[in-house]
Amino acid sequence: MKRPRMISAIGTPLDAEERIHLDGLRLHIEDQWDGRADGLLVAGTMGMMQMLSDATYQDLIRYSVEFSADRGELMVGVGDTSLRRTLDRIEYVNKFPVDGTVAIAPYFYPGIDQEWLIDYFRTLADASRSPMFLYELPGIVGYGLTPKTVSAVADHPNIAGIKWSGPVERLRWVQDRVPDDFRIIVAQPFNIDAFAHAGITEFLDGIFSLTPHWFASYADAIKEQNQEVIAKQHRRAIAIGEILLSENAWRTFTAILNMRGIPGRYTALPIPGPTTEIIEALNHNPLI
């Protein structure tokens with residue numbers, strides 16, 4: 001079986017003024033590449049892109065490019081609430097040699113028509129210097145991208161793929177209606193083996209960036225069909241997910257990375273950093 005690619009959606013380490021914590025960002029990114037991550041998504045949901053100031057976002061992109069030079073594929077989140085705001089982000093990102101821009105559908109305002117999204121994504125793809133990827137995230141946006149919308153934009157020469165969070169039934173519909181080179185990158189960290197057997201070869205999630213070495217081992221085991229290691233890493237993935245969901249995920253994310261020696265606060269206000277109780281609970285967790 002082909003080895004799955006594991007793409008880490010990294011967090012954004014902040015200092016007390018909510019500017020980039022440079023040591024935290026450097027160590028967080030180095031941890032991904034040293035842990036054999038196959039790629040990075042910067043300024044995604046785990047990176048709280050929409051909660052960052054423009055200056056902090058720009059620093060995040062600039063330094064992520066610097067710290068990732070010649071290490072692997074680097075994607076950058078650009079999606080915002082409107083066409084103009086997203087185009088402004090793309091205009092800035094176009095200054096840097098990134099491997100892809102990733103655009104979430106407009107959120108917050110209800111009633112966005114799928115037909116409008118076709119023009120929206122095509123316009124963004126025209127503006128992006130690097131290949132653009134759709135970012136399907138109905139749990140945050142409030143609605144999903146329909147298979148019809150995805151297939152309608154998949155033939156655009158600068159739309160390279162999609163980060164997919166929807167159910168497998170709709171995914172199969174998309175697979176049958178997009179070009180062969182259209183990349184489908186699935187956000188299913190607790191079902192990697194099952195999706196790999198269904199033909200998915202790329203996975204992306206924020207949980208990967210907590211322990212990239214574990215998920216690299218998971219990918220190796222899937223390629224080798226080492227059932228013992230597959231089962232072990234599957235249990236670890238579920239356990240880490242349960243730990244994150246036991247509290248606010250970004251607060252727990254911060255605490256775990258800090259315990260691993262990677263500094264910074266991976267939350268933006270009004271979400272505070274981890275409490276003493278969260279840290280003590282993690283200190284008593286045998287997995288951590």
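This report walks through some local features of a predicted model.

## Aromatic pairs

Let's start with the rings. A pair of aromatic rings is described by the distance of the centres and the angle of the planes. Searching the whole structure turns up six aromatic pairs. One of them is Tyr63 with Phe67, a stacked arrangement with 6.0 Å centre to centre and 25° between the planes. It counts as stacked because planes under 30 degrees apart fall in that class. Both residues sit in helix α2 (residues 54-67), and they are four residues apart, about one turn of the helix. Tyr63 has a relative accessible area of 18%, so it is buried, and Phe67 is buried too, with 17% relative accessibility.

Phe208 and Phe215 also form an aromatic pair, this one tilted, with 4.6 Å centre to centre and 45° between the planes. How buried are these two rings' residues? Phe208 is down at a relative accessible area of 1%, while Phe215 comes in at 4%. Buried means under 20% relative accessible area, so both residues get that label.

## Arginines over tryptophans

Two tryptophans have an arginine parked over the ring. For Trp173 the partner is Arg177, which lies over the face at 3.6 Å from the ring centre. For Trp214 the partner is Arg236, which lies over the face at 4.1 Å from the ring centre.

## Around Val141

Val141 belongs to helix α5, which covers residues 138-141. With a relative accessibility of 9%, Val141 counts as buried. What does Val141 touch, once its neighbours within four places in sequence are set aside? The contacts are Ile104, Ala105, Pro106 and Tyr107.

Gly100 makes a handy reference point here. Its C-alpha atom and that of Val141 are separated by 21 Å, with the two positions 41 residues apart along the chain counted as their spacing. Helpfully for orientation, β4 spans 100-104, and Ile104 is among the residues in contact with Val141.

## Backbone oddities

Now for the backbone. Most residues other than glycine have a negative phi, and most peptide bonds are trans. A few spots in this model go the other way.

Ala43 has a positive phi of about 65° even though it is not a glycine. You'll find Ala43 in the loop between β2 (39-42) and α2, and at 4% relative accessibility it is buried. Phe108 also has a positive phi, near 80°, and is likewise not a glycine. Phe108 is in the loop between β4 (100-104) and α4 (114-127). Is Phe108 buried or exposed? At 64% relative accessibility, it counts as exposed.

Then there's the peptide bond from Leu269 to Pro270, which is cis with omega near 20°. Pro270 is located in the loop between α11 (249-259) and α12.

## A nonpolar patch

Finally, a look at the surface. Which residues make the nonpolar patch of about 210 Å²? Met259, Ile279 and Ile288 do. Ile288 is in the segment after α12 (276-283). Its relative accessible area is 34%, so Ile288 is partly exposed. That value qualifies Ile288 for the patch because patches are made of residues with over 30% relative accessible area and no salt bridge.

Technical notes. Residues numbered from 1 in each chain as written. Predicted model: local features only at pLDDT ≥ 70, side-chain atom pairs only at ≥ 80, totals over all residues. Heavy atoms only, no water. Patch = residues over 30% accessible without salt bridge, like charges linked within 9 Å, V, L, I, M, F, W, Y side chains within 5 Å. Areas by Shrake-Rupley, 256 points an atom, 1.4 Å probe, with all protein chains shown as cover. Salt bridge = Lys/Arg side-chain N within 4 Å of Asp/Glu carboxyl O. Helix = DSSP H or I, 4+ residues; strand = E, 2+ residues; numbered from the N terminus. Buried < 20%, exposed > 50% of the residue type's maximum accessible area, 1.4 Å probe, protein only. Phe/Tyr/Trp six-rings, centres within 6.5 Å; stacked < 30°, edge-to-face > 60°. Lys NZ or Arg CZ within 6 Å of the ring centre and 35° of its normal. Contact = heavy atoms within 4.5 Å.
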